[in-house]
Every structure is written in C-alpha cells, then in structure tokens.
Amino acid sequence: MTYRLPGTVRGLGELQAAGELRSPPETLARFGFRQVYVAETETPFDMAMGAVEDLLSETGTDPEEIGAVIYAGALASSSTLAAEPAAVQGAALDPSGVMELFRYPVSRIQAELGMVRATAIGVNQQACASVFTAIRMGRDMLLAEPDLGPVLCVAADRFPPDATREMIYNVVSDAGCAVLLRRGWPSDRIVACGHVTKGALWDTAAMTNEIVAAYFPTARTLIHDTVARAGLELDDVAWIIPHNVSLRSWEILLGLLEFPMERLFADNIARVGHTIASDGVLNLRDLLDSGRVREGDRLLLFTFGFGLNWSCLLLEH
C-alpha cells in the first residue's frame with residue numbers, strides 16, 4: 001500500500017489568515033490538528049497515479065498481471081477528469097460539457113499504465129468509507145473468481161480551491177492512496193469486514209447534530225461486531241488504525257470501547273489531518289513502516305463517511 005500527499009503544507013494559523021477555517025486555531029489544536037497538505041497544482045488524478053506507480057514499483061508488479069482496478073472517489077469531483085465542477089455548469093444545454101462528465105480516472109489509469117487485462121470499476125457515494133468498500137469488493141472478487149489477477153484499489157480526493165479546510169471540527173488534507181490485493185500474500189490478511197449505512201441521515205448539511213449523536217454508539221457497535229465476526233474479542237486487537245477525524249473523537253470512542261489510547265496509531269492526526277478517503281491506508285502504511293507491528297498482530301481499521309457510512313477492516317499481520 002502507498003500514498004501520495006501534495007507538496008504544499010499549511011499550518012492552522014496560515015489557514016485562518018486565508019479564511020479557510022471556521023473555528024479558532026486554538027480550538028482545532030485541542031482536537032489534535034496542526035497542519036494540512038494542500039494540492040495547488042496536483043489534481044486527484046496526479047495523486048492517484050503517483051500512488052499507483054509507487055505501489056507497482058515497490059511490489060514489483062507487472063501491470064499486465066492486474067485483474068481489476070477499483071477507483072474510489074469520496075467527492076463527486078474526484079470521479080471525473082473534468083477540470084473543475086464549474087467547467088460543466090450548464091452542461092444540460094452543452095453536449096461538449098456533458099461529455100466531460102464521462103471522462104473517468106479509473107479508465108485512464110488502466111490505459112496509461114498498460115493494465116490490459118484489468119477491468120475498470122468506480123466506487124463512490126461512500127464518502128470517507130469509499131476505499132474500504134473498494135477493498136471489500138476486491139477481496140470478494142478474488143474469492144469468487146479463481147482466475148482473476150491481483151486487484152488494485154486506488155483513491156484520491158482534492159477539495160475545491162474555494163472550499164474551507166474545516167468540516168465539523170476537523171481539518172482536511174488532499175491525498176491519494178493505492179492498495180494491492182493478492183491471493184496468498186504473506187502478511188496483512190483480511191480477516192473480517194464490517195459496514196453499516198444509515199441512509200436516513202443522508203442530508204449531512206441539514207443533520208449535523210443527528211450525525212454526531214449517531215456516530216459514537218454506531219461506531220462502538222460496528223467495531224465489536226466486526227471483531228466478533230472473526231471469533232475474536234477487542235482485547236485480541238493489537239492496534240486500532242483510525243480515521244483522522246480529530247483526536248478528541250477517538251478519546252471518547254476508545255473510552256466507550258474500553259480500549260487503551262496507547263494502542264491507537266494517532267501519529268498522523270497532527271501531521272496530516274483528515275485526508276477524506278485515504279486515512280486508513282496512510283496510517284496503516286506509516287504504522288507498518290514504524291516497526292511497531294509484530295507478526296500475527298491483529299489490526300483494526302475504522303472509518304466513517306457521510307452518506308451515512310461506518311466501515312471496518314480487520315487484518316492479521
């Protein structure tokens with residue numbers, strides 16, 4: 001697994017000066033944030049391609065081996081190669097504008113990297129949970145189709161240039177990531193998956209209070225259910241690998257779970273902030289690179305996405 005961050009780093013004070021925060025920097029610092037990565041020249045496709053190229057190189061994978069590419073876009077603008085949403089305004093009256101909407105990054109990745117045997121699939125409408133859904137789909141495809149080659153899961157998101165960087169007390173970075181799923185890989189085996197959708201809370205802008213109220217009890221239940229699906233207890237989990245939606249939210253949730261804070265990999269909340277769909281992959285990669293994971297350790301990845309989706313992956317290293 002690999003990830004790509006853009007080249008520009010902005011601190012909370014700089015974001016406030018640019019009018020890109022709603023809350024005072026001091027408040028967001030108490031939630032665990034320090035800085036974010038902002039794509040000024042990089043597109044979502046650039047970050048996705050960079051992550052995929054790094055992954056193929058690191059794993060020594062021949063692109064012609066790949067059996068499927070699953071592209072996960074949390075933002076609708078991440079799932080099209082149209083320059084910006086403004087570029088297709090009035091598209092119903094402009095056939096050339098409509099055609100812009102049918103230019104997909106997953107097909108371009110397949111073509112430019114020579115994945116001639118790979119089918120191309122897009123996943124969206126899962127928000128920050130979209131990568132976990134892509135991974136779950138890829139795993140199920142490998143189980144169902146014995147002759148299918150490795151499955152590549154990739155995601156990238158970039159906030160619109162005029163958007164604020166704060167969403168419900170969390171600060172957002174742009175990022176891309178990639179994961180390769182293979183049969184018989186010697187480590188990081190997927191043991192269980194869990195996913196809950198509460199579609200009644202689909203209107204995120206109008207139902208912020210209801211979303212916050214539902215978040216913690218649903219997260220607690222899903223985490224316990226996912227671990228139980230593997231015949232395990234939460235004490236059997238060596239590390240929880242989080243989304244980066246505020247350290248404070250994890251202090252509350254881990255209290256409900258009675259899980260120790262020292263077994264939460266929280267290093268990237270201050271360093272990177274919330275990367276929308278890439279948090280889990282980014283944090284897993286950095287935890288593995290840190291040397292703190294031992295053979296046989298169980299790793300629980302958890303994320304949450306508007307829509308409204310809670311999602312878990314349980315791995316064995």
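Two exercises on helix packing and sheet layout follow.

The model is predicted: local features need pLDDT of at least 70, side-chain atom pairs count only at pLDDT 80 or more, and totals for chains, interfaces and linings use all residues. Residues are numbered from 1 along each chain as its sequence is written, and side-chain values use heavy atoms, without hydrogens and water.

**Exercise 1.** Describe how α3 packs on α5.

*Solution.*
- Locate the helices (DSSP runs of H or I, at least four residues, numbered from the N terminus). Helix α3 covers residues 44-59 and helix α5 covers residues 105-112.
- Take the geometry. The angle is about 40°, and the axes are 11 Å apart. Axes are lines fitted to C-alpha atoms over the stretch in contact, with angles from 0 to 180 degrees between N-to-C directions.
- Classify. The angle makes α3 oblique to α5. Under 35 degrees is roughly parallel, over 145 roughly antiparallel, 65 to 115 roughly perpendicular, and the rest oblique.
- List contacts (heavy atoms within 4.5 Å). F45, A48 and M49 in α3 meet P105, R108, I109 and E112 in α5.
- Sort by class. The contact of α3 with α5 has five nonpolar, no polar and two charged residues.

**Exercise 2.** Lay out the five-stranded sheet and place α5 and α10 on it.

*Solution.*
- Write the order. The open sheet runs β1-β9-β6-β4-β5, with mixed pairing. Strands are DSSP runs of E, at least two residues; two strands pair if DSSP finds at least two bridges between them.
- Mark the edges. β1 (2-4) and β5 (119-123) each pair on one side only.
- Check one pair. β4 (residues 68-72) and β5 are parallel over five bridges. A72 stands opposite V123 in β5.
- Add helices. α5 lies across β4, β5 and β6 (151-157), at about 140° to β4. α10 (residues 279-289) lies across β1 and β9 (175-181), at about 120° to β1.

Definitions and conventions
Nonpolar A, V, L, I, M, F, W, Y, C, P; charged D, E, K, R; others polar.
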